[in-house]
Structure formats: C-alpha cells, structure tokens
Amino acid sequence: MQEALSGDKKVFLETFGCQMNENDSDRILGFLKDIRYSRTYEPGKADLIIINTCSIRDKAEQKVYSALGRFKELKSWNPGLIIGVSGCVAQQQGAKLLKRAPYLDIVFGPHNIHRLKDLLDEASLKKRPVAVEQSAEIGADEYGFTLPSTKHRAFVSIMRGCDNFCAYCIVPYTRGREVSRGSAEVVEEVKRLSDEGVKEVTLLGQNVNSYGNNGGDVSFPCLLRMVAGVEGIERIKFITSHPKDISEELIYLFRDEPKLCRHIHLPVQSGSDGVLRKMGRGYTVDEYFSRVSLLRSLYPGMAITTDMIVGFPGETGADFDDTMALLDRVRFDSIFSFMYSPRPGTKAASFKEQVPFEVKSERLRILMAAQREISLERNRRLEGSTIEVVVEGASKTDVEELSGRTSCGRVVNFPAPEGERTEAGCLIDVSITHAFPNSLRGMVAERLKA
Ligand code: SAH
Ligand code: SF4
Ligand code: F3S
C-alpha cells in the first residue's frame with residue numbers, strides 16, 4: 001500500500017481491476033502529491049474521493065456503482081467533497097455515468113491522469129457540466145511519476161493499450177491502441193525507484209511480448225536486459241505475456257538473466273482449438289503446449305500460471321472437456337478462472353449461442369476443484385526445500401507470523417525469527433514444512449538447523 005503522503009488535503013482512493021490500474025492509482029497519488037494531497041483510508045475524512053474502476057466483467061463494473069452509492073451520502077454533510085471516477089468504466093461510459101450518479105464531479109479515463117489537476121480546478125470552481133475527460137490522446141507527460149506501491153516493490157508501465165481485440169475483451173476499447181514507452185524512459189524510472197529503495201520491479205503491459213512493435217526502440221528481451229543492468233534491482237517480473245507472441249529469445253533469457261524471476265503468466269483461456277479460434281487468440285492448443293513444454297524442460301521448477309474462461313459463447317461440453325484435459329496435461333501452478341461475461345461492444349457479446357449461467361457456473365466449479373488438487377500437488381514438491389523469500393509484512397491469518405513471496409510469486413507464511421531484520425523487502429531463507437493449494441508454510445532456515 002502507498003505510504004501516507006504529506007499535504008493539506010485528503011484523498012480517499014479505491015482501486016479495482018488489474019495491476020495496470022494499481023499502477024495508475026500510484027500515478028494518481030503521484031500527481032496529487034504535487035498539489036498537496038495526502039492519502040486517507042477513511043472516506044469520511046476525505047476532501048476528494050476517487051474510484052479507479054475496472055470493466056473487464058460485469059461484476060467488476062457493478063462494484064463501481066455500489067461503491068458510488070456508499071459515498072453519495074457523504075456529500076450531504078460535506079458539500080465541498082469532490083467525487084471522481086477514473087479507470088476503464090470512466091473511459092467507456094464517460095458522461096453517461098452522470099445519469100446513474102448525478103452527484104459526480106469528475107470523470108477521467110486512463111489516458112488523462114495528467115489532466116487531474118485541471119479537472120480538480122474545474123470541479124472546485126463548480127463549473128458545470130462536471131469535468132469529463134475521455135480523450136484517448138497520449139500526452140507527453142502522460143506517464144507522470146509513479147510512487148512505489150510498497151517500499152521494496154514497484155510496478156512500471158512499459159506500454160499502454162492493446163491491439164489484439166480478443167472477441168470477449170473490453171480492454172482495447174477502454175485502454176486504446178497499443179503504444180510502447182521509450183526504453184530510456186523506462187530505465188530512468190527503474191533507476192529512480194531503485195534509488196528510493198525498490199528491489200523488485202514488475203514490468204506491466206497487456207501484451208509485453210509485443211513491446212517495441214508500436215513505439216519503443218528495442219525488443220522486450222532487450223528492455224529486460226537493460227532493466228537488469230540497473231544497480232540495486234534484485235528481482236524482475238513482468239505481466240502479461242501473450243502465448244502467440246512469446247519468443248525463444250525471451251524463453252532463453254530465463255536461463256541467462258539471474259534477476260529474472262522464473263515465473264510466467266501465460267493466459268491460455270481455453271483448451272479447445274474451436275473456442276480459441278472464435279476468441280481470436282492466434283494460437284492452437286498444441287502451439288501453446290509446445291511453448292510450455294520448452295519452458296518446463298529448460299527450467300523444471302519454473303512456475304507457470306494462466307487465465308481460463310469457461311462458458312464462452314458456443315462452448316460445448318466437449319470443448320469444456322478439452323479445457324479440463326489441457327489443465328491435466330500442463331499442470332499449472334495456479335490459475336485465474338472466470339465465467340465468460342458479455343461486454344458491450346465486443347464481438348462475442350453479439351454471438352448467438354450464449355451459454356446459460358447455470359452451465360457456466362457448474363463448469364467453473366469443476367475447473368476450480370480440479371486446479372485446487374493440481375496446485376496442491378505442485379506446492380507439495382517444494383516441501384523440504386529451502387527457498388529465498390522476500391518479506392511482505394504480517395501474515396493475513398496470524399499477525400504473529402510473517403508473510404513473504406518466493407521469486408515464483410508463491411505466498412509463504414512463517415514465524416517471525418528473533419533478532420533478525422524482518423521489515424518488508426528483507427530476503428530470508430525459509431525451509432518449507434507444509435504445502436497448501438494457495439500458500440506454503442515454513443520456518444526460517446537457520447532456526448530449523450539450530
Ligand atoms: N492482457 C491479458 C489479460 C487481460 S484481462 C491477456 O491477454 O492475457 C485478464 C483476464 O480476464 C483475461 O486473461 C481473461 O481470462 C479474463 N477476461 C477478459 N475479458 C473477459 C470476459 N469478458 N469475461 C470473462 N473473463 C474475461
Ligand atoms: Fe484483452 Fe486479448 Fe488484449 Fe489481453 S490480449 S487485453 S485478453 S484483447
Ligand atoms: Fe479492468 Fe481495465 Fe485492467 S478493464 S482488468 S482495469 S485494463
């Protein structure tokens with residue numbers, strides 16, 4: 001979480017959606033810091049409330065409306081309160097949001113974060129209609145300065161938008177066309193973060209493997225090497241890789257670049273060639289599997305995770321069986337699985353054969369149960385081994401314990417060692433004693449030996 005900023009006014013910021021949005025929230029706070037806003041976690045104490053929204057599935061969009069409902073009444077006893085909506089719902093709906101929430105003051109899309117100060121000025125002058133900024137034009141100062149989300153870890157955007165137009169996906173409509181950021185600018189930001197004490201950076205893009213195709217001056221593997229050259233950076237991660245664009249050069253970089261964490265998130269979406277074709281994903285199941293096999297043969301311990309959609313229009317029982325077969329064949333370390341949700345304006349929303357909710361929900365249940373077993377099996381292979389963990393803070397389930405992450409992204413909980421530095425960002429060797437489907441438990445290695 002962002003540390004408290006110093007200033008005269010208070011902002012309450014709630015973020016939904018992906019890391020891209022988390023990163024945008026960090027940038028929003030960066031811009032607000034310049035105009036003397038500090039962060040509060042209590043909406044009742046805020047002068048400004050911003051909801052940074054996501055519209056990837058209908059459920060995500062509905063969360064925005066319920067959050068707005070909660071904040072509406074705060075205006076009745078604090079008339080000076082400014083309420084804003086940013087992110088993908090803001091980009092998609094724009095001024096239409098005012099029909100549902102006429103008390104809104106500002107609406108701005110992901111490409112307009114650098115306009116925030118002007119929008120706030122307009123809002124506080126009570127100019128009507130409210131300030132709405134949806135332009136998709138990318139300003140020179142658009143990236144602004146990111147404040148690290150924690151002291152030791154930060155996300156760095158390396159590109160915006162997406163050109164893939166997968167049939168189900170709203171992102172190309174909310175985030176616009178793909179544009180890469182110049183490598184020098186990315187490296188400069190990483191250096192600045194390293195100077196502030198950041199040890200781990202995650203490079204962000206909807207399809208990092210096409211970095212450099214539209215703007216940018218080097219290939220993605222080359223950018224990774226440049227980032228690895230920054231002193232003080234110890235771990236480098238990236239999301240998301242598109243299976244159709246992942247190159248052998250990148251695959252071999254996991255061998256040659258020790259700072260690169262051996263984890264890849266490679267969303268497959270379905271195990272059926274027919275469904276993948278209708279989705280417009282640009283690869284077959286066998287092509288996907290050959291990439292994964294190469295990665296696993298080169299680096300047996302590498303974590304491979306994925307996204308799956310069940311109930312895409314026209315998905316038959318046989319298609320779903322193919323997805324289950326792929327799950328069994330690849331044995332992913334973990335997956336994010338979703339019921340298909342029709343998004344307005346996307347190609348698949350108009351497909352005739354929508355799958356009934358009950359069928360989608362049953363398929364999701366079956367998929368998740370099978371993956372739980374596989375995740376447990378993959379985690380059990382780590383019992384008895386000693387793994388380097390970056391401390392993140394107190395464990396969510398037991399405040400007496402610490403929680404950290406392995407370089408593959410697995411959560412490890414362990415009792416806090418006495419007499420050792422354990423603040424967030426410290427590296428500790430932990431011996432794994434128990435595996436669960438979604439986490440590991442262990443003891444600090446030295447202690448176990450003693
Ligand atoms: N750029 C990334 C994914 C971005 S969205 C990629 O291409 O892999 C994150 C995930 O949300 C997707 O991988 C997909 O599994 C899921 N998703 C996107 N649109 C969806 C929809 N309409 N219904 C259900 N899940 C969806
Ligand atoms: Fe959406 Fe496909 Fe782009 Fe990913 S690659 S953001 S799923 S359109
Ligand atoms: Fe959601 Fe927009 Fe990210 S739709 S998943 S916040 S790109």
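The exercises below, each with a worked solution, concern a predicted model of a protein with ligands. Local features need pLDDT of at least 70, side-chain atom pairs count only at pLDDT 80 or more, and totals for chains, interfaces and linings use all residues. Residues are numbered from 1 along each chain as its sequence is written, chains are lettered from A and ligands numbered from 1 in the order in which they are written, and side-chain values use heavy atoms, with hydrogens and water left out.

**Exercise 1. The surroundings of ligand 1**

Identify the residues that come nearest to ligand 1 and describe its polar contacts.

*Solution.* Step 1: a residue is near a molecule if one of its heavy atoms lies within 4 Å of it. Ligand 1 has 15 residues around it, of which Tyr168, Gln206, Gln269, Asp307 and Ser341 come nearest.

Step 2: a polar contact is a pair of N or O atoms within 3.5 Å; within protein, one must be able to donate a hydrogen and the other to accept it, and residues adjacent in sequence count only if both atoms are side-chain atoms. Polar backbone atoms of two residues lie at such distances from a nitrogen atom of ligand 1: 3.0 Å for Tyr168 and 2.8 Å for Ser341. Gln206 instead offers a polar side-chain atom, 2.8 Å from a nitrogen atom of the ligand.

Step 3: on its own, ligand 1 has 540 Å² of accessible area, and the protein covers 90% of this. Accessible areas come from the Shrake-Rupley method with a 1.4 Å probe; for residues, only the protein chains shown count as cover.

Step 4: the shell comprises seven nonpolar, four polar and four charged residues. In this classification Ala, Val, Leu, Ile, Met, Phe, Trp, Tyr, Cys and Pro are nonpolar, Asp, Glu, Lys and Arg are charged, and the others, Gly among them, are polar. The strands β13 (303–310) and β14 (334–339) each supply at least two residues of the shell.

**Exercise 2. Two further ligands**

Compile the residue classes around ligand 2 and ligand 3.

*Solution.* Step 1: the residues surrounding ligand 2 include Cys162, Cys166, Cys169, His242 and Arg281. By class, seven are nonpolar, three polar and one charged.

Step 2: around ligand 3 stand residues including Cys18, Cys54, Cys88 and Arg175. Here the division is five nonpolar, three polar and one charged.

**Exercise 3. The faces of helix α12**

Determine where the buried residues of helix α12 lie around its axis.

*Solution.* Step 1: helices (H or I, at least four residues) and strands (E, at least two) are DSSP runs, numbered from the N terminus. Helix α12 covers residues 285–298, 14 in number, and spans 20 Å from first to last C-alpha, close to the 20 Å expected at 1.5 Å a residue. The expected span is 1.5 Å times one less than the number of residues.

Step 2: buried means under 20% relative accessible area, exposed over 50%, and partly exposed in between (1.4 Å probe, protein chains only). Val285, Tyr288, Phe289, Val292, Leu295 and Arg296 are the buried residues of α12.

Step 3: these buried residues fall within an arc of 125 degrees seen down the axis of α12, so they line one face of the helix. The arc is that of the directions from the helix axis to the C-beta atoms. The face turned away from the buried side carries the exposed residues Asp286 and Ser297.

**Exercise 4. A loop residue**

Decide whether Asn164 is buried or exposed, and find its side-chain partner.

*Solution.* Step 1: Asn164 belongs to the loop between β8 (159–160) and α7 (171–175).

Step 2: Asn164 counts as buried because its relative accessibility is 18%.

Step 3: the side chains of Asn164 and Lys244 are joined by a polar contact of 2.9 Å.
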